[in-house]
Amino acid sequence: LEHHKFMGEDVIDADIPTAWEGWIFLFWFHLAKDDLALFSASLVLPAAPPANAKNISRWEFINYICTAAFDALIYSRYGIAGVAYLALGTICGMQFHPFAGHFVAEHFVMQDGQETYSYYGPLNWWTFYVGYHNEHHDFPYISGRNLPKLRKMAPDYFDTIPHYHSWVKVLWDFLLDPKLSPFSRVKRHDLPKEEIANMKARGGLIPN
């Protein structure tokens with residue numbers, strides 16, 4: 001919820017890369033713009049300290065237990081190769097897979113003056129309409145399958161602003177445009193420190 005109500009707010013919006021994350025990724029990004037560079041960065045970034053850590057809830061504990069049990073089952077049936085397949089599949093899926101374009105398309109500033117973009121291509125059918133990102137941010141409580149209906153209801157608002165029809169083109173532009181980097185984001189410092197401290201003390205907008 002913080003990401004939607006306080007988008008781009010430093011510390012509160014966990015989607016904004018910290019300086020540590022940005023510089024680590026930027027080092028690999030300039031070292032070599034290829035799979036090897038992004039692969040290396042994807043191994044380092046998870047070690048970054050969280051920007052807006054939350055207390056672990058009961059459901060997260062349940063999720064950890066279920067994940068560990070499932071991984072143990074995979075290991076018992078297929079050995080370390082099965083577990084490695086899951087890990088490497090996740091890493092590759094966050095890089096040059098066409099679906100990974102949504103990580104860049106959503107909030108990287110590809111055009112001055114706009115910080116959120118929608119994608120209206122066919123891959124939405126397989127990604128629960130995550131591409132309808134402007135619609136999602138304007139109405140975050142509408143389910144993904146209803147976001148195309150929202151767009152049809154308000155074409156003057158959504159069709160007249162920059163948007164995408166290809167996630168592959170998004171990745172291509174991000175890699176080849178020298179002006180784009182992990183810091184191509186809108187970052188705000190609007191909230192007073194006292195409000196940020198109070199929000200963290202109560203566990204966010206909705207306490208755990």
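## Close-up views of a predicted model

**View 1. A105 and its partners.** Skip the neighbours within four places in sequence, and A105 is in contact with Y117, Y164, W167 and V170. Keep in mind for every view here that we're looking at a predicted model.

**View 2. The largest nonpolar core.** Zoom out from A105 and you find the largest nonpolar core, which has 13 residues. Those with the most contacts inside this core are V104, A105, Y119, Y164, W167, V170 and F174. Which helices each supply at least two of the core's residues? They are α5 (101-105) and α9 (167-176). Helix α9 gives the most, with four residues. As background, nonpolar side chains in soluble globular proteins tend to be buried together.

**View 3. A second core.** Separate from the one above, there is another core, this one of six residues. Among them are Y132, L147, A154 and F158.

**View 4. Rings that pair up.** How many aromatic pairs does the structure hold? The count is seven. Take W125 and W126: their ring centres are 6.0 Å apart and their planes sit at 50 degrees, so this pair is tilted. Are these two tryptophans buried or exposed? W125 has 61% relative accessibility, so it counts as exposed. W126 is exposed too, with a relative accessible area of 57%. Elsewhere, ring pairs link F99, Y119 and W167 into a cluster. You've already met Y119 and W167 among the core residues with the most contacts.

**View 5. Arginines over rings.** Here's R151, lying over the face of Y120 at 3.5 Å from the ring centre. R185 does something like this with F108: it lies over the face of that ring, at 5.5 Å from the centre.

**View 6. R185 meets D15.** Stay with R185, since its side chain also meets that of D15 in a salt bridge (2.8 Å, N to O). Where in the chain do R185 and D15 lie? R185 is in the loop between α9 and α10 (193-201), while D15 is in the loop between α1 (2-5) and α2 (19-31). That's 170 residues apart, so the salt bridge links distant parts of the chain. R185 counts as buried because its relative accessibility is 16%, and the cut-off for buried is under 20%. D15, at 37% relative accessible area, is partly exposed.

**View 7. R188 meets E115.** The loop between α9 and α10 also holds R188, whose side chain forms a salt bridge with that of E115 (2.4 Å, N to O). E115 lies in the loop between α5 and α6 (133-138), so the pair ties together parts that are 73 residues apart in sequence. Which partner is buried and which is partly exposed? E115 counts as buried, at 18% relative accessibility. R188 is partly exposed, with a relative accessible area of 25%.

**View 8. A salt bridge within α9.** Now for a pair inside one helix: K169 forms a salt bridge with D173, their closest N and O atoms being 2.8 Å apart. Why are K169 and D173 separated by about one helical turn? Because they are four residues apart in helix α9. Both partners count as partly exposed, K169 at 44% relative accessibility and D173 at 26%. A search of the whole structure finds six salt bridges, including this one.

Conventions:
Residues are numbered from 1 along each chain as its sequence is written. This is a predicted model: local features need pLDDT of at least 70, side-chain atom pairs count only at pLDDT 80 or more; totals for chains, interfaces and linings use all residues. Side-chain values use heavy atoms; hydrogens and water are left out. Rings of Phe, Tyr and Trp (its six-membered ring) pair if their centres lie within 6.5 Å; planes under 30 degrees apart count as stacked, over 60 as edge-to-face and the rest as tilted. Buried means under 20% relative accessible area, exposed over 50%, partly exposed in between (1.4 Å probe, protein chains only). A charge sits over a ring if NZ of Lys or CZ of Arg is within 6 Å of the ring centre and within 35 degrees of the ring normal. A nonpolar core is a set of buried Ala, Val, Leu, Ile, Met, Phe, Trp, Tyr and Cys residues joined through side-chain atoms within 4.5 Å. Contact means heavy atoms within 4.5 Å. A salt bridge is a side-chain nitrogen of Lys or Arg within 4 Å of a carboxyl oxygen of Asp or Glu.
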